[in-house]
Amino acid sequence: MIYTVLITDPISEDGIQPLQLHPNIDVVIRNDLTEEELFTIIPNIHALLVRSQTNITRQLIEKANNLKIIARAGVGVDNIDLTAATAHGILVVNAPHANTNSAAEHTIAMLFSLARKIPQASISLKQREWNRKAFIGVELKGKTLGIIGLGRIGAEVAFRAIGQRMRVMAYDPFLTEEKGEELGILPASLDEVIEQSDFITIHTPLLENTKHLLDARAFQKMKTGVHIINCARGGIIDEHALYHAIQTNKVAGAALDVFQVEPPFHSNLLDLPEVIATPHLGASTVEAQENVAVEVSHDIIRFFTGKVVQNPVNVSSVPKEAMNQVAPYFTLSERLGQFLIHLADDVVEEINLFYSGPFTNFEVGPLTRNTIKGILQRHLGEQVNHVNALYLADQRGIKINENKTSSLKGFTNLITIEMITKQESFRISGTLLDGLGPRIVELNDYQVDIFPKGNIVLIYHHDLPGVIGKVGNLLGNYQINIATMQVDRSNLGGEAMMLLTVDKPLNVECLHTLKSLTEIYNVKTIQLI
Ligand SMILES: NC(=O)c1ccc[n+]([C@@H]2O[C@H](COP(=O)([O-])OP(=O)(O)OC[C@H]3O[C@@H](n4cnc5c(N)ncnc54)[C@H](O)[C@@H]3O)[C@@H](O)[C@H]2O)c1
Ligand SMILES: O=C(O)CC[C@@H](O)C(=O)O
């Protein structure tokens, strides 16, 4: 059989040599395809190799009758509809490490360019101006660099900035004191990074919870004269808010490699002299392009020759014999993890999993991986899957202990997960109820019965008359319908917990008002998809 691999974005020719030399692979390079042409030829394609320009939508995937694998020559898979790919049984692979160095170097280039206004000075001189006063810069030495997202690229940037004798602080939900110490940086909260930095650089993925992470409110809190760098993803910064912050001299300069819409030809940020910009060049080096192309080419070959791929993004691997017994608990275990991570306000250090019931006669590892995936995905996004979840947790210093116990509490099978953070610990139990599906049955020693899906509001309050009515009225005022409500208390008049499922998420104002009620001392909102 000959497999056709279609390449739709500019890619290193040297990097795809392994594909071109393979006897069973036919490589078609078409960087010039219109969307219509791509839709016409996609039914005959077995593998698609892309960078970030090609949008692989659900509609395209639905037409791709023979497509078996999508390879992303780079890190971010946000141009690929992963859910649609998974639903159609199409494997997605990427090259998560191959362009780290180049992206970090580009960030450092941006840092220097901002500090010394090199692009602006260069443009001015080429216009035959000799204007030395206009381009007085600042030194990096002694300044604070705030890194938001200390993953692969963030850590490399930190390492280089320390070399420039900068003080480096970072916020990452998985950054421990020990890791900070090892890297020679200061772990901090998001607010501390925002408030104390002279330069702020972003290195998170674009996710639900990182969208507009730097918004008007964040800019307001920053030091006047701060510099901003984004070589991660457009959309993490609210571009309107950034424009305003530059216009009002809050932000002295911004270096942008990525934009909410690319190319950003309509963005007014490009009109500002304080903004320096590159057209998504973070990974555009000979080395990175060759590395990413080689890495994904080998994974395509591995896939078509029946070998295990190295960088899967959306696959799961479950031993056959465990499938029948444990597979029904997959969704439950992932949702328990998703639920728990919404409760954490600080760094997760340890996760203990307790399994009881007949399913413990089988391998429960797939359930553990699913739970960890649920926990990590909130901050790491779609890169986390069953295959790499434990590895990614281990990389972040999170200890994981799997236990089989006999504490069934009347259920057929029971999963209990304990998540320990630096300051607190949380515990959740879930089971499958005959005919009713997954249920959360215990939360931090409170007995509950909740279907783990949709919008959930967890309210910690004092056990006083009238609280339930106040909450109901308040949500009603915001047109939020309560689908279910459960209340439990530690003792009469003591601490109590209210768990609501609601038909739509609470907006910021509603949440704020809820938190300000005197009887309430904490509120968490949880969205389970
Ligand atoms: N400009 C380019 O050409 C280019 C090249 C490579 C990668 N990238 C992008 O750079 C980004 C980082 O890539 P990476 O390989 O370092 O990824 P990574 O997964 O190794 O690191 C991302 C880090 O962000 C952290 N994070 C998630 N949510 C956060 C939040 N709300 N606040 C703070 N930290 C949070 C995660 O815990 C993780 O440690 C990605 O968006 C990637 O797509 C851009
Ligand atoms: O393909 C590119 O050049 C972009 C790569 C980069 O954004 C990534 O996420 O790896």
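The legends below describe four close-up views of a predicted model. Residues are numbered from 1 along each chain as its sequence is written, and chains are lettered from A, with ligands numbered from 1, in the order in which they are written. Because the model is predicted, local features need pLDDT of at least 70 and side-chain atom pairs count only at pLDDT 80 or more, whereas totals for chains, interfaces and linings use all residues.

**View 1. Helix H7 (residues 152–163) and its surroundings.** Helices (H or I, at least four residues) and strands (E, at least two) are DSSP runs numbered from the N terminus. The end C-alpha atoms of H7 are 17 Å apart, which agrees with the 16 Å expected for its 12 residues at 1.5 Å a residue, the expected span being 1.5 Å times one less than the number of residues. Among its buried residues (20 or more other C-beta atoms, placed from the backbone, within 10 Å of their own) are Ile153, Val157 and Ala161, and what covers the buried residues includes helix H5 (100–116) and strand E7 (167–171). Just after H7, arginine 165 takes a positive phi of about 65°.

**View 2. The cis peptide bond between glutamate 262 and proline 263.** Omega is about -5°, and proline 263 lies in the loop between strand E11 (251–256) and strand E12 (275–277).

**View 3. Arginine 128, in the loop between helix H6 (118–126) and E6.** Phi of arginine 128 is positive, near 65°, and the residue counts as exposed (12 or fewer such neighbours) because it has 6 C-beta neighbours inside 10 Å.

**View 4. Histidine 280, in the loop between E12 and helix H12 (286–304).** Although not a glycine, histidine 280 has a positive phi of about 50°, and it is buried, with 21 other C-beta atoms within 10 Å.

Methods: Two residues are in contact if their C-beta atoms, placed from the backbone, lie within 7 Å.
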